[in-house]
Structure formats: C-alpha cells, structure tokens
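Reader: I should like to examine this entry through a series of questions. Please show the sequence and the structure before we begin.

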Amino acid sequence: MSETPNTKGQPGLVEAALLGLCPECGAKTLFVGPAKFAEQCGNCGLDYAAFNVGDGPAAFLTMGLGAIIIILAVMLELAAHPPFWVHALIWVPLTCALVVLSLRVSKGALLIAEHRNRAIEGKLAEKSEGE
C-alpha cells in the first residue's frame, strides 16, 4: 500500500495562492507586500527564501493582460468614442491592479507547487578524478 502524505492543516493550492497562505501550516504569512514574499512564515518558520520562484510569470502575465486590455480599449473606442482621459482613467488603474493581483496569485502558486513537489535547484554531480 502506498502512503499518502499528511496534508492536515495544509490549504489547497488555489486557496493558498489567492489568500497568501503558508503551504505548510496555512497561516496568512506568505506575502509582506503586494507581490513580495516574506522571508519566512511567522507561524511555523518555513523558509520562503529557499524557494526559487523568481519573476518567471511577470513577462507572461504582463503581455497577456496587456493584450486583453488593448482589445477591451479598442472595443470601447469603437463603440462609444470616449475622450482620451476616459481611457486613461479606466485602463491605467485596471491594468496595474490586474498585473499586481495576478503576479501575487501566480508567484504564490509557484512557491506552493515547489513546496509540495519538494522541488530544488538541479546540481551537477562532480566527476571523480578517475572518470
């Protein structure tokens, strides 16, 4: 029989990513800023700095959300022809909010997935002198 890992107290991936919960204990300690990780969990001491999430999702999310915002802005322009200031008032804050929110969720999901899969950076094995 295969043993299943103990997941008691651990939040689900989506829930933890959306709410910024620690993947180990479920405390709301994952972030200290809008999209900045804390150094470690204040509840269980899990070291978040040990995970290598980086800024991988940043470019992908920015370009994807940018394309969606541009399509919506063009649709609004063709339908209503509002003045430029209306576009600026709508699209600039909406774009900023969506990018920060999606970065927070995607970076949180990557860290949680790394924790669950016990992912570590690959290391090359050193060859002995006889090889």
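Reader: Does histidine 81 count as buried or exposed?
Author: This is a predicted model, and the answer is computed from its coordinates. Histidine 81 is found in the loop between α2 and α3. The cut-off for exposed is over 50% relative accessible area. Because its relative accessibility is 56%, histidine 81 counts as exposed.

Reader: What phi does histidine 81 take, just after α2?
Author: Most residues other than glycine have a negative phi. Histidine 81 departs from that sign, with a positive value in a residue other than glycine. Just after α2, its phi is about 50 degrees.

Reader: Which residue takes a positive phi just after α3?
Author: The end of α3 is followed by a residue with a positive phi of about 50 degrees. That residue is arginine 118.

Reader: What pattern does the protein chain follow along the sequence?
Author: The protein chain contains three helices and zero strands. Its pattern, read along the sequence, can therefore hold helices alone, given how helices and strands are assigned. The pattern is α-α-α.

Reader: What percentage of the contacts with a separation of 6 or more joins residues 24 or more positions apart?
Author: The protein chain has 131 residues, of which 27% count as buried. Its accessible surface comes to about 9,300 Å², with 65% belonging to carbon and sulfur atoms. Among contacts with a separation of 6 or more, the share from residues 24 or more positions apart is 51%.

Reader: What distance does helix α2 reach from its first C-alpha to its last?
Author: Helix α2 covers residues 56-80 and has 25 residues. At 1.5 Å a residue, 36 Å is expected. The helix comes close to that value, reaching 37 Å.

Reader: How far apart are the end C-alpha atoms of α3?
Author: Helix α3 has 33 residues, which at 1.5 Å a residue should span 48 Å. The distance between its end C-alpha atoms agrees with this, at 47 Å.

Reader: Which element do the buried residues of α2 pack against?
Author: The buried residues of α2 are Pro57, Leu61, Leu65, Ile69 and Ala73. An α-helix has 3.6 residues a turn, so residues three or four places apart point the same way. The partner of the buried residues of α2 is α3.

Reader: Which residues is isoleucine 69 in contact with, leaving aside its neighbours within four places in sequence?
Author: Isoleucine 69 lies in helix α2 and counts as buried because its relative accessibility is 8%. Its C-alpha atom is separated by 9.9 Å from that of leucine 98, 29 residues apart along the chain. With the sequence neighbours left aside, its contacts are Trp91, Leu94, Thr95 and Leu98.

Reader: Which residues make the nonpolar surface patch of about 480 Å²?
Author: One member, isoleucine 90, lies in helix α3. Because its relative accessibility is 35%, isoleucine 90 counts as partly exposed. The patch is made by Trp85, Leu89, Ile90, Leu94 and Leu98.

Reader: Which elements give two or more residues to the largest nonpolar core?
Author: In soluble globular proteins, nonpolar side chains tend to be buried together. The largest nonpolar core here has 16 residues, and those with the most contacts inside it are Leu30, Phe37, Cys41, Leu46, Tyr48 and Leu111. The elements that contribute two or more residues to this core are α1 (13-19) and α3.

Reader: Does lysine 107 count as buried or exposed?
Author: Lysine 107 lies in helix α3. Not counting residues up to four places away in sequence, it touches Ala35, Phe37, Val53, Gly54, Asp55 and Pro57. Phenylalanine 37, in turn, touches residues including Leu30, Val53, Lys107 and Leu111. Because its relative accessibility is 10%, lysine 107 counts as buried.

Reader: How far apart in space are valine 105 and leucine 18, C-alpha to C-alpha?
Author: Valine 105 lies in helix α3 and is partly exposed, with a relative accessible area of 24%. Beyond four places in sequence, valine 105 touches Ala17 and Leu18. Although valine 105 and leucine 18 are 87 residues apart in sequence, their C-alpha separation is 5.4 Å.

Reader: Which residues is aspartate 47 in contact with, leaving aside its neighbours within four places in sequence?
Author: Aspartate 47 lies in the loop between α1 and α2. Its relative accessibility of 37% makes aspartate 47 partly exposed. Its contacts, with those neighbours left aside, are Glu39 and Gln40.

Notes:
Residues are numbered from 1 along each chain as its sequence is written. This is a predicted model: local features need pLDDT of at least 70, side-chain atom pairs count only at pLDDT 80 or more; totals for chains, interfaces and linings use all residues. Side-chain values use heavy atoms; hydrogens and water are left out. Helices (H or I, at least four residues) and strands (E, at least two) are DSSP runs, numbered from the N terminus. Buried means under 20% relative accessible area, exposed over 50%, partly exposed in between (1.4 Å probe, protein chains only). Contact means heavy atoms within 4.5 Å. Accessible areas come from the Shrake-Rupley method with a 1.4 Å probe; for residues, only the protein chains shown count as cover. The expected span of a helix is 1.5 Å times one less than its number of residues. Patches are made of residues with over 30% relative accessible area and no salt bridge: like charges are joined within 9 Å, nonpolar side chains (Val, Leu, Ile, Met, Phe, Trp, Tyr) within 5 Å. A salt bridge is a side-chain nitrogen of Lys or Arg within 4 Å of a carboxyl oxygen of Asp or Glu. A nonpolar core is a set of buried Ala, Val, Leu, Ile, Met, Phe, Trp, Tyr and Cys residues joined through side-chain atoms within 4.5 Å.
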